[in-house]
Amino acid sequence: MKHLVLHAGAAKTGTTLVQKALHANREAFETRGYAVLVRHDFETGTGGAHAHWRRRGASIDKVNVAFSRLRDQLEQESLMLSHEDLFATVSSFRKGPIYGPAADVLRIAQEEFRPERTTLLFYVRRQDRFVESAYLQTVRMGSTLTFEEFMEPVTAERLHWDVLVDQMREALPEGAELKIKYFESIKTLTARGFVRDFFKATGTGVNPKFTFNTQSVNRGYSDMALQMALFGNGLLERDDARKLRHFLDDNFSNLTHPAPRLLTPEQRHELLSALLPSNKALHDMIGEDGPSPYVPDNQ
(Lines give C-alpha, C1' and ligand atoms only; values in the text may rest on other atoms or scores of the structure.)
Protein backbone atom coordinates (compact mmCIF):
# COMPACT_ATOMS: atom_id res chain seq x y z
CA MET A 1 0.00 0.00 0.00
CA LYS A 2 1.29 3.46 -0.87
CA HIS A 3 -0.46 5.65 1.69
CA LEU A 4 -2.52 4.66 4.73
CA VAL A 5 -4.53 7.54 6.22
CA LEU A 6 -6.29 6.73 9.50
CA HIS A 7 -8.76 9.08 11.14
CA ALA A 8 -9.30 7.33 14.48
CA GLY A 9 -11.53 9.76 16.35
CA ALA A 10 -11.77 10.48 19.09
CA ALA A 11 -15.49 9.87 19.13
CA LYS A 12 -17.63 12.97 19.70
CA THR A 13 -15.11 15.25 17.97
CA GLY A 14 -16.88 15.99 14.70
CA THR A 15 -16.43 12.52 13.23
CA THR A 16 -19.93 12.40 11.74
CA LEU A 17 -19.30 15.71 9.97
CA VAL A 18 -15.95 14.48 8.63
CA GLN A 19 -17.38 11.16 7.48
CA LYS A 20 -20.23 12.83 5.61
CA ALA A 21 -17.66 14.99 3.85
CA LEU A 22 -15.50 11.98 3.00
CA HIS A 23 -18.50 10.16 1.57
CA ALA A 24 -19.53 13.20 -0.46
CA ASN A 25 -16.02 13.48 -1.92
CA ARG A 26 -15.33 9.81 -2.51
CA GLU A 27 -14.90 10.18 -6.26
CA ALA A 28 -12.24 12.85 -5.82
CA PHE A 29 -10.28 10.51 -3.54
CA GLU A 30 -10.63 7.63 -5.96
CA THR A 31 -9.21 9.67 -8.83
CA ARG A 32 -6.11 10.15 -6.68
CA GLY A 33 -5.83 6.45 -5.93
CA TYR A 34 -7.52 6.36 -2.50
CA ALA A 35 -10.27 4.04 -1.38
CA VAL A 36 -12.48 5.79 1.18
CA LEU A 37 -14.13 3.88 4.01
CA VAL A 38 -16.03 5.31 6.94
CA ARG A 39 -17.22 3.33 9.92
CA HIS A 40 -20.30 1.74 8.35
CA ASP A 41 -18.41 0.71 5.21
CA PHE A 42 -15.64 -0.81 7.29
CA GLU A 43 -17.95 -2.80 9.55
CA THR A 44 -20.05 -4.11 6.66
CA GLY A 45 -17.10 -4.98 4.45
CA THR A 46 -15.22 -6.85 7.18
CA GLY A 47 -18.11 -8.83 8.59
CA GLY A 48 -18.18 -7.04 11.91
CA ALA A 49 -14.95 -8.67 13.11
CA HIS A 50 -13.68 -5.43 14.64
CA ALA A 51 -16.98 -4.89 16.46
CA HIS A 52 -16.77 -8.38 17.97
CA TRP A 53 -13.49 -7.34 19.56
CA ARG A 54 -14.38 -3.89 20.86
CA ARG A 55 -17.97 -4.59 21.92
CA ARG A 56 -18.06 -8.24 22.89
CA GLY A 57 -14.63 -8.83 24.33
CA ALA A 58 -13.32 -11.12 21.61
CA SER A 59 -9.58 -11.53 21.12
CA ILE A 60 -7.73 -8.64 19.50
CA ASP A 61 -6.98 -11.15 16.74
CA LYS A 62 -10.34 -10.03 15.38
CA VAL A 63 -8.69 -6.72 14.49
CA ASN A 64 -6.18 -8.66 12.38
CA VAL A 65 -9.08 -10.41 10.72
CA ALA A 66 -10.86 -7.15 9.95
CA PHE A 67 -7.79 -5.46 8.50
CA SER A 68 -6.78 -8.50 6.43
CA ARG A 69 -10.29 -8.78 4.98
CA LEU A 70 -10.22 -5.11 4.10
CA ARG A 71 -6.75 -5.39 2.54
CA ASP A 72 -7.88 -8.23 0.30
CA GLN A 73 -10.89 -6.24 -0.94
CA LEU A 74 -9.10 -3.01 -1.81
CA GLU A 75 -8.79 -2.06 -5.46
CA GLN A 76 -7.02 1.27 -4.89
CA GLU A 77 -3.34 1.59 -3.97
CA SER A 78 -4.02 3.85 -0.95
CA LEU A 79 -6.63 3.95 1.81
CA MET A 80 -8.47 6.72 3.69
CA LEU A 81 -10.21 5.09 6.69
CA SER A 82 -12.29 7.07 9.20
CA HIS A 83 -13.61 5.17 12.23
CA GLU A 84 -14.17 6.88 15.58
CA ASP A 85 -14.07 3.58 17.47
CA LEU A 86 -11.03 2.18 15.69
CA PHE A 87 -9.05 2.03 18.95
CA ALA A 88 -11.91 1.16 21.36
CA THR A 89 -15.45 2.18 22.26
CA VAL A 90 -16.25 5.75 23.25
CA SER A 91 -16.51 4.76 26.91
CA SER A 92 -13.22 2.84 27.08
CA PHE A 93 -12.17 5.06 30.00
CA ARG A 94 -14.66 3.27 32.25
CA LYS A 95 -12.51 0.13 32.10
CA GLY A 96 -8.99 1.56 31.86
CA PRO A 97 -6.91 4.31 30.26
CA ILE A 98 -8.69 6.16 27.48
CA TYR A 99 -8.35 4.25 24.19
CA GLY A 100 -5.87 1.92 25.86
CA PRO A 101 -5.62 -0.56 22.93
CA ALA A 102 -4.61 2.17 20.45
CA ALA A 103 -0.97 1.11 20.17
CA ASP A 104 -1.88 -2.52 19.51
CA VAL A 105 -4.40 -1.55 16.82
CA LEU A 106 -1.84 0.68 15.11
CA ARG A 107 0.78 -2.07 15.08
CA ILE A 108 -1.72 -4.51 13.57
CA ALA A 109 -2.61 -1.96 10.87
CA GLN A 110 1.08 -1.68 9.97
CA GLU A 111 1.45 -5.47 9.84
CA GLU A 112 -1.58 -6.02 7.64
CA PHE A 113 -1.30 -3.07 5.25
CA ARG A 114 2.49 -2.53 5.16
CA PRO A 115 2.11 1.04 3.89
CA GLU A 116 4.96 3.04 2.43
CA ARG A 117 3.53 6.13 4.13
CA THR A 118 1.25 6.47 7.17
CA THR A 119 -0.77 9.45 8.36
CA LEU A 120 -2.75 9.30 11.62
CA LEU A 121 -5.23 12.05 12.46
CA PHE A 122 -6.67 12.23 15.96
CA TYR A 123 -8.83 14.92 17.53
CA VAL A 124 -9.06 15.53 21.27
CA ARG A 125 -11.78 17.23 23.30
CA ARG A 126 -11.73 18.80 26.75
CA GLN A 127 -12.24 15.91 29.11
CA ASP A 128 -15.23 17.20 31.07
CA ARG A 129 -17.19 17.68 27.87
CA PHE A 130 -15.87 14.46 26.39
CA VAL A 131 -17.16 12.28 29.24
CA GLU A 132 -20.53 14.02 29.17
CA SER A 133 -20.84 13.49 25.42
CA ALA A 134 -19.68 9.89 25.75
CA TYR A 135 -22.38 9.26 28.35
CA LEU A 136 -25.11 10.70 26.15
CA GLN A 137 -23.93 8.52 23.28
CA THR A 138 -24.14 5.35 25.39
CA VAL A 139 -27.70 6.27 26.40
CA ARG A 140 -28.53 7.01 22.79
CA MET A 141 -27.35 3.49 21.92
CA GLY A 142 -29.49 1.85 24.61
CA SER A 143 -27.89 2.22 28.04
CA THR A 144 -30.07 2.75 31.12
CA LEU A 145 -27.25 3.92 33.42
CA THR A 146 -27.60 7.24 35.17
CA PHE A 147 -24.70 9.66 34.75
CA GLU A 148 -23.61 8.99 38.33
CA GLU A 149 -23.51 5.24 37.64
CA PHE A 150 -21.65 5.81 34.39
CA MET A 151 -18.97 7.93 36.08
CA GLU A 152 -18.54 5.75 39.18
CA PRO A 153 -15.41 3.88 37.91
CA VAL A 154 -13.89 6.89 36.12
CA THR A 155 -10.80 8.64 37.45
CA ALA A 156 -8.81 11.57 36.09
CA GLU A 157 -5.82 9.26 35.57
CA ARG A 158 -7.78 7.42 32.87
CA LEU A 159 -8.34 10.61 30.87
CA HIS A 160 -4.76 11.62 30.00
CA TRP A 161 -4.69 12.55 26.31
CA ASP A 162 -0.93 13.16 26.48
CA VAL A 163 -0.26 9.57 27.55
CA LEU A 164 -2.36 8.30 24.66
CA VAL A 165 -0.49 10.52 22.19
CA ASP A 166 2.84 9.14 23.44
CA GLN A 167 1.58 5.58 22.99
CA MET A 168 0.37 6.26 19.46
CA ARG A 169 3.66 7.90 18.51
CA GLU A 170 5.67 4.93 19.81
CA ALA A 171 3.49 2.47 17.88
CA LEU A 172 3.91 4.24 14.54
CA PRO A 173 6.89 3.55 12.27
CA GLU A 174 9.66 6.06 11.81
CA GLY A 175 8.60 8.80 9.41
CA ALA A 176 4.86 8.39 10.02
CA GLU A 177 2.80 11.56 10.38
CA LEU A 178 0.88 11.93 13.65
CA LYS A 179 -1.43 14.95 13.66
CA ILE A 180 -3.22 15.79 16.91
CA LYS A 181 -5.82 18.54 16.77
CA TYR A 182 -8.26 20.24 19.11
CA PHE A 183 -11.90 19.55 18.29
CA GLU A 184 -12.74 22.94 19.76
CA SER A 185 -11.19 24.60 16.71
CA ILE A 186 -14.57 24.05 15.04
CA LYS A 187 -15.86 27.10 16.92
CA THR A 188 -13.52 29.45 15.09
CA LEU A 189 -13.14 27.53 11.84
CA THR A 190 -16.89 26.82 11.46
CA ALA A 191 -18.04 23.43 10.22
CA ARG A 192 -16.83 23.95 6.66
CA GLY A 193 -13.49 25.33 7.76
CA PHE A 194 -13.10 22.37 10.11
CA VAL A 195 -13.65 19.98 7.21
CA ARG A 196 -11.23 21.89 4.98
CA ASP A 197 -8.58 21.75 7.69
CA PHE A 198 -9.13 18.01 8.07
CA PHE A 199 -8.83 17.37 4.33
CA LYS A 200 -5.61 19.37 4.20
CA ALA A 201 -4.19 17.34 7.10
CA THR A 202 -4.81 14.05 5.29
CA GLY A 203 -2.08 14.89 2.79
CA THR A 204 -4.15 13.47 -0.06
CA GLY A 205 -4.49 16.70 -2.04
CA VAL A 206 -8.30 16.49 -2.09
CA ASN A 207 -10.25 19.72 -1.53
CA PRO A 208 -13.77 19.13 -0.18
CA LYS A 209 -16.96 19.98 -1.99
CA PHE A 210 -20.04 20.43 0.17
CA THR A 211 -23.16 18.68 -1.06
CA PHE A 212 -24.79 18.31 2.36
CA ASN A 213 -25.99 20.59 5.16
CA THR A 214 -23.03 20.89 7.53
CA GLN A 215 -25.12 22.68 10.15
CA SER A 216 -27.46 19.72 10.75
CA VAL A 217 -24.71 17.23 11.61
CA ASN A 218 -23.38 18.32 15.00
CA ARG A 219 -26.22 17.61 17.41
CA GLY A 220 -26.84 15.52 20.49
CA TYR A 221 -29.52 14.67 23.02
CA SER A 222 -31.29 17.43 24.90
CA ASP A 223 -32.16 16.95 28.57
CA MET A 224 -35.71 15.99 27.61
CA ALA A 225 -34.41 13.44 25.08
CA LEU A 226 -32.12 11.98 27.75
CA GLN A 227 -34.96 11.46 30.18
CA MET A 228 -37.20 9.85 27.56
CA ALA A 229 -34.36 7.61 26.35
CA LEU A 230 -33.50 6.40 29.86
CA PHE A 231 -37.15 5.50 30.40
CA GLY A 232 -37.68 3.92 26.98
CA ASN A 233 -34.42 1.96 26.85
CA GLY A 234 -35.50 -0.11 29.83
CA LEU A 235 -38.82 -1.05 28.28
CA LEU A 236 -38.48 -1.29 24.51
CA GLU A 237 -37.26 -4.09 22.28
CA ARG A 238 -34.31 -3.36 20.01
CA ASP A 239 -36.26 -2.26 16.92
CA ASP A 240 -38.57 0.00 18.92
CA ALA A 241 -35.61 1.48 20.80
CA ARG A 242 -34.01 2.32 17.45
CA LYS A 243 -37.21 4.05 16.34
CA LEU A 244 -37.23 6.03 19.57
CA ARG A 245 -33.60 7.07 18.97
CA HIS A 246 -34.42 8.42 15.51
CA PHE A 247 -37.48 10.22 16.86
CA LEU A 248 -35.47 11.89 19.60
CA ASP A 249 -32.69 12.82 17.18
CA ASP A 250 -35.17 14.52 14.88
CA ASN A 251 -37.40 16.21 17.46
CA PHE A 252 -35.55 16.66 20.76
CA SER A 253 -31.92 17.43 19.96
CA ASN A 254 -29.81 20.00 21.77
CA LEU A 255 -30.17 22.27 18.74
CA THR A 256 -33.79 22.98 19.66
CA HIS A 257 -34.01 22.07 23.37
CA PRO A 258 -31.86 22.73 26.46
CA ALA A 259 -28.85 20.46 26.85
CA PRO A 260 -28.52 18.18 29.89
CA ARG A 261 -26.64 19.38 32.95
CA LEU A 262 -24.46 16.47 33.98
CA LEU A 263 -21.26 17.50 35.75
CA THR A 264 -21.70 20.14 38.42
CA PRO A 265 -19.45 23.24 38.26
CA GLU A 266 -17.53 21.86 41.23
CA GLN A 267 -17.02 18.46 39.60
CA ARG A 268 -15.93 20.11 36.37
CA HIS A 269 -13.38 22.27 38.16
CA GLU A 270 -12.03 19.34 40.17
CA LEU A 271 -11.58 17.18 37.08
CA LEU A 272 -9.86 19.85 35.00
CA SER A 273 -7.62 20.85 37.90
CA ALA A 274 -6.47 17.25 38.30
CA LEU A 275 -5.77 17.07 34.55
CA LEU A 276 -3.96 20.41 34.31
CA PRO A 277 -0.37 19.02 34.08
CA SER A 278 -1.46 16.40 31.55
CA ASN A 279 -3.27 18.95 29.42
CA LYS A 280 -0.31 21.33 29.45
CA ALA A 281 1.88 18.46 28.22
CA LEU A 282 -0.70 17.75 25.51
CA HIS A 283 -0.64 21.39 24.43
CA ASP A 284 3.13 21.23 24.05
CA MET A 285 2.70 18.12 21.88
CA ILE A 286 0.16 19.85 19.64
CA GLY A 287 2.49 22.80 19.34
CA GLU A 288 -0.03 25.63 19.25
CA ASP A 289 0.85 29.09 20.54
CA GLY A 290 -0.59 30.45 23.76
CA PRO A 291 -1.82 28.67 26.88
CA SER A 292 -3.63 25.36 26.87
CA PRO A 293 -7.38 25.76 26.29
CA TYR A 294 -8.05 22.82 28.61
CA VAL A 295 -7.94 24.59 31.96
CA PRO A 296 -10.52 25.22 34.68
CA ASP A 297 -12.74 28.14 33.75
CA ASN A 298 -11.28 30.45 36.42
CA GLN A 299 -7.65 29.98 35.32
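Reader: How many bridges join strand E1 to strand E4, and which way do the two run?

Author: Let's take the general idea first. Strands of a sheet pair through backbone hydrogen bonds, either parallel or antiparallel. In this predicted model, E1 (residues 3–7) and E4 (residues 117–124) run parallel and are joined by 5 bridges. For a spot to look at, try His7, which stands opposite Leu121 in E4.

Reader: Thanks! In what order do the strands of the sheet come?

Author: The order is E2-E3-E1-E4-E5, an open sheet of 5 strands with parallel pairing. Strand E2 (34–38) and strand E5 (177–182) each have a single partner strand, so they stand at the edges with one side lacking a neighbour in the sheet. On average, neighbouring strands here are turned by 10° against each other, direction ignored.

Reader: And which strands does helix H1 lie across?

Author: Helix H1, residues 15–24, lies across E1, E2 and E3. Its angle to strand E3 (78–82) is about 145°.

Reader: Now to pockets. What is the volume of the second largest pocket, and which residues line it?

Author: Again, the idea first: rolling a probe the size of a water molecule over the atoms shows where empty space is left. Here the second largest pocket holds about 170 Å³ of space. Its lining consists of Met151, Val154, Thr155, Ala156, Leu263, Gln267, Glu270, Leu271 and Ala274.

Reader: Which helix gives the largest share of that lining, and how do the residues divide by character?

Author: Helix H13 (residues 265–274) gives the largest share, with 4 residues. By character, the lining has 6 nonpolar residues, 2 polar and 1 charged.

Notes
Residues are numbered from 1 along each chain as its sequence is written. This is a predicted model: local features need pLDDT of at least 70, side-chain atom pairs count only at pLDDT 80 or more; totals for chains, interfaces and linings use all residues. Side-chain values use heavy atoms; hydrogens and water are left out. Two strands pair if DSSP finds at least two bridges between them. Axes are lines fitted to C-alpha atoms, for helices over the stretch in contact, and angles run from 0 to 180 degrees between N-to-C directions. Contact means heavy atoms within 4.5 Å. On a 1 Å grid over the protein atoms alone, a cavity is a set of points where a 1.4 Å probe fits but cannot get out, and a pocket is an open set with protein on both sides within 12 Å along at least five of seven lines; lining residues have an atom within 4 Å of a point. Grid points are joined across faces, edges and corners, and a volume is the space filled by probe spheres set on the points. Ala, Val, Leu, Ile, Met, Phe, Trp, Tyr, Cys and Pro count as nonpolar, Asp, Glu, Lys and Arg as charged, and the others, Gly among them, as polar.
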